[in-house]
Each structure stands twice: as structure tokens, then as C-alpha cells.
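Hello,

Below is the structure I said I would pass on. My notes on what was found in it follow.

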Amino acid sequence: AKDAGRNRAQWFTPEMDSAIQRRVDLSSRLRSALKKAEFTLHFQPRVSLGHGKVTGVEALIRWCAQDVGQISPADFIPIAERNGMILPIGEWVLFEACRHARQWQDEGNVAVNVAVNLSARQLRDTDIFKLVVRVLEETGLPAHLLELELTESMLVHDAARVLQALEALKEIGVRLSIDDFGTGYSSLSYLKTFPLDYLKIDRSFVVDLPDDLNDGAIVRAIIDMAHTLGMKVIAEGVETRAQLDFLLAHDCDEMQGYYFSKPLPQDELKELLRRKRKL
Ligand code: C2E
Ligand code: CA
Ligand code: CA
Ligand code: CA
């Protein structure tokens, strides 16, 4: 009993206690964050290497919590997935992203794609097709300007149902992409089953380019494979000219990263689109 007591005391270190406390705290704060209008969207431009222009943007959620300040989506999205708030939050992101994209189009900018990150639970627990159709109708955004970013693991569970939903989305013109490619499940068979338009190479393969020969070989292989399968490739996390040159030399179609632009608040993005679509 003495031993168990000691173990328990070790288990609840002050650091762990506060980490758990923080999760509980964030979880309850998340429940009221939508009502309090604490979320905003930022948009990161994506550049086509062919003509050097902005082809689209990725919508990324930002949370400024009362009395706490900015909290990273890497921290709160997993918590929102667990407590279910990802469903209303994800719906809000989809609606806002489409509303903004429609606005940019109306204001005379050349049509810009908007990419929205989906979470696993949005595929599992909602009728994603019905939701997307409703949001497109309400915002008036043409379906071909919306792109949905999925991760590999989402295509593995309940694959038949997910496939049906994604094929229906594809049918109406929505674009589909695989995010963080290369970091998820090892089977690649889903690549020939699902109607995917883009493959986004994860930043971890880009960061050490061009010096790391293994990463270079992996990136080249991914690009070749994607092109053979009729998909376009986007490299994530491009920060240097040397990375850009490598990707350009190996036929990567589009790039995203701090080298071109950080994610921008909506007014700054609009300014950038108005000024020049060229970065
Ligand atoms: P992600 O979808 O892979 O998004 C890319 C992340 O990399 C973003 O972080 C972006 O700001 C960052 N990034 C872009 N370029 C560079 C670069 O050149 N260097 C470096 N170091 N980082 C770069 P962010 O905005 O903090 O988002 C983190 C993750 O949170 C996202 O990863 C995504 O998984 C999730 N997330 C963000 N917004 C949403 C959302 O609206 N819905 C869902 N379900 N998940 C979201
Ligand atoms: Ca993404
Ligand atoms: Ca990513
Ligand atoms: Ca490496």
C-alpha cells in the first residue's frame, strides 16, 4: 500500500496535473468560444510555379480565447475532436471560408480556390455531402472553387461510406486533396480508390531539401507517383529559395509556405489579391 501510494504521488506530478487541468480548461472554454465569436480564419496563399500566381488559399482557424489569448489549432483541434465541438466549429469554418471566397470573387478578383481542412469526425458523424451542398447554396460559391483537405487516416475507417460521400462531392465539382501526405497510414491503395485531385507533401519531407538526399528521393518519388495517377502535387512548408528550386526542378505543381506568405488575416489577404496575384 505504501508503494502504491508513492506511485500515485509520482503519477500526479505538478506538470501533469497542470497539463490535464489545461485540457479540461480548454475543453470547457471551447464550448462557448463560437457563441463569443472568438474564432477567426486566416488564409495562406498557394502559388502555382507554372505562372507564379496565387491559385488558391488554405483557410486556417485562429482562436483568441478570453483572458488567455491565442491558442494554436494544433492544441485545440484535437480537444475539439474529443469533446465533439469540432462539428459546430468545422461547420463554421466551412461556411466562413466559402463566404469569404465568394466575396473575393464578387469584388472582381480572379477566382481563388479556398481549401478547408476537414476533421475525421466531420466525415464520421455528419452527412458531409449534405452540409457542403447547403453551405455552397447559402454562400453562392461555385463548387469548383472549394477544396476539402483530408488526411490518409480518414480514408481508412468506414471506407465504403466515406468513398460514397467523396464521390458525390466530386460529382458536383468539389476538389479533394490529401493533407500531410506520407505521415499517415502506409497502405497506398486508397490512392487509386478515392477520387483525389491533389496530394500535399508534408512539411517534414520539405524542411531538409535539397541537402537531405533521402528526403529528395522521397519527394521525387511522390511527385512522379502522383502525376502518374493523374493528381497534382502541392509542397507544404516551403521556406527557402533552395527548397523552391529543388521542387521546381522536379515538377512540383504548387507550393505553400513562409517563403511566399504566412497565413494572413482576411483584410491582408484581400489587399494582396487586389495588389497583385503574383507573389
Ligand atoms: P495543416 O493543415 O498541415 O496546416 C499547415 C500548418 O503549417 C499551419 O499551421 C500553417 O500556418 C503552417 N505553415 C504554413 N507554412 C509554413 C512554413 O513555411 N513553415 C512552418 N513551420 N509552418 C508553416 P496552423 O495554422 O497552426 O495549423 C496547424 C494544424 O491545425 C493544421 O495543419 C491542421 O491540421 C489544423 N487546423 C487548422 N485549421 C483547421 C480547421 O479549420 N479545421 C481543422 N479540422 N483543422 C485545422
Ligand atoms: Ca491542411
Ligand atoms: Ca498539412
Ligand atoms: Ca529529414
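Ligand 1 sits in the largest pocket. This is a predicted model, and that holds for everything below.

The shell around ligand 1

The ligand is surrounded by 21 residues, the closest being Q44, R62, R203, E239 and Y258. Sorted by class, the shell around ligand 1 contains nine nonpolar, seven charged and five polar residues. Three elements give two or more residues to this shell: strand β2 (53-65), helix α3 (73-83) and strand β6 (175-181). The largest share, four residues, is from β2.

Several N or O atoms of the protein lie close to N or O atoms of ligand 1. In the side chain of D179, one such atom is 3.0 Å from an oxygen atom of the ligand. For the side chain of E58 the corresponding distance, again to an oxygen atom of ligand 1, is 3.2 Å. I61 takes part through its backbone: an N or O atom there lies 3.2 Å from a nitrogen atom of ligand 1. Taken alone, ligand 1 exposes 810 Å², and the protein buries 81% of that.

The two calcium ions

Which residues are the protein donors of the calcium ion that is ligand 2? They are E58 (OE), N117 (OD1), E149 (OE) and D179 (OD), at 2.2 to 2.3 Å from the ion. Along the sequence these donor residues follow the spacing E-x58-N-x31-E-x29-D. Distant parts of the chain are linked here: E58 is in strand β2 and N117 in strand β4 (residues 113-117), 59 residues apart.

For the other calcium ion, ligand 3, the protein donors are D179 (OD), D180 (OD) and E236, which is listed twice with OE, lying 2.2 to 2.5 Å from the ion. The spacing of these donor residues in sequence is D-D-x55-E. This site also links distant parts of the chain, with D180 in strand β6 and E236 in the loop between β8 (232-235) and α11 (241-249), 56 residues apart.

What bridges the two calcium ions? D179 does, and the ions, ligand 3 and ligand 2, lie 4.0 Å apart.

Where the sites meet

Two residues are worth finding in the viewer. D179 bridges the calcium ions and also has a side-chain N or O atom 3.0 Å from an oxygen atom of ligand 1. E58 is a donor of the calcium ion that is ligand 2, and its side chain has an N or O atom 3.2 Å from an oxygen atom of ligand 1.

Regards

Note on methods. Residues are numbered from 1 along each chain as its sequence is written. Chains are lettered from A and ligands numbered from 1 in the order in which they are written. This is a predicted model: local features need pLDDT of at least 70, side-chain atom pairs count only at pLDDT 80 or more; totals for chains, interfaces and linings use all residues. Side-chain values use heavy atoms; hydrogens and water are left out. A residue is near a molecule or strand if one of its heavy atoms lies within 4 Å of it. A polar contact is a pair of N or O atoms within 3.5 Å; within protein, one must be able to donate a hydrogen and the other to accept it, and residues adjacent in sequence count only if both atoms are side-chain atoms. Accessible areas come from the Shrake-Rupley method with a 1.4 Å probe; for residues, only the protein chains shown count as cover. On a 1 Å grid over the protein atoms alone, a cavity is a set of points where a 1.4 Å probe fits but cannot get out, and a pocket is an open set with protein on both sides within 12 Å along at least five of seven lines; lining residues have an atom within 4 Å of a point. A molecule sits in a cavity or pocket if more than half of its atoms lie within 2 Å of its grid points. Ala, Val, Leu, Ile, Met, Phe, Trp, Tyr, Cys and Pro count as nonpolar, Asp, Glu, Lys and Arg as charged, and the others, Gly among them, as polar. Donors are N, O and S atoms within 2.8 Å of the metal (3.2 Å for Na, K and Ca); water is not among the atoms, so sites may look incomplete.
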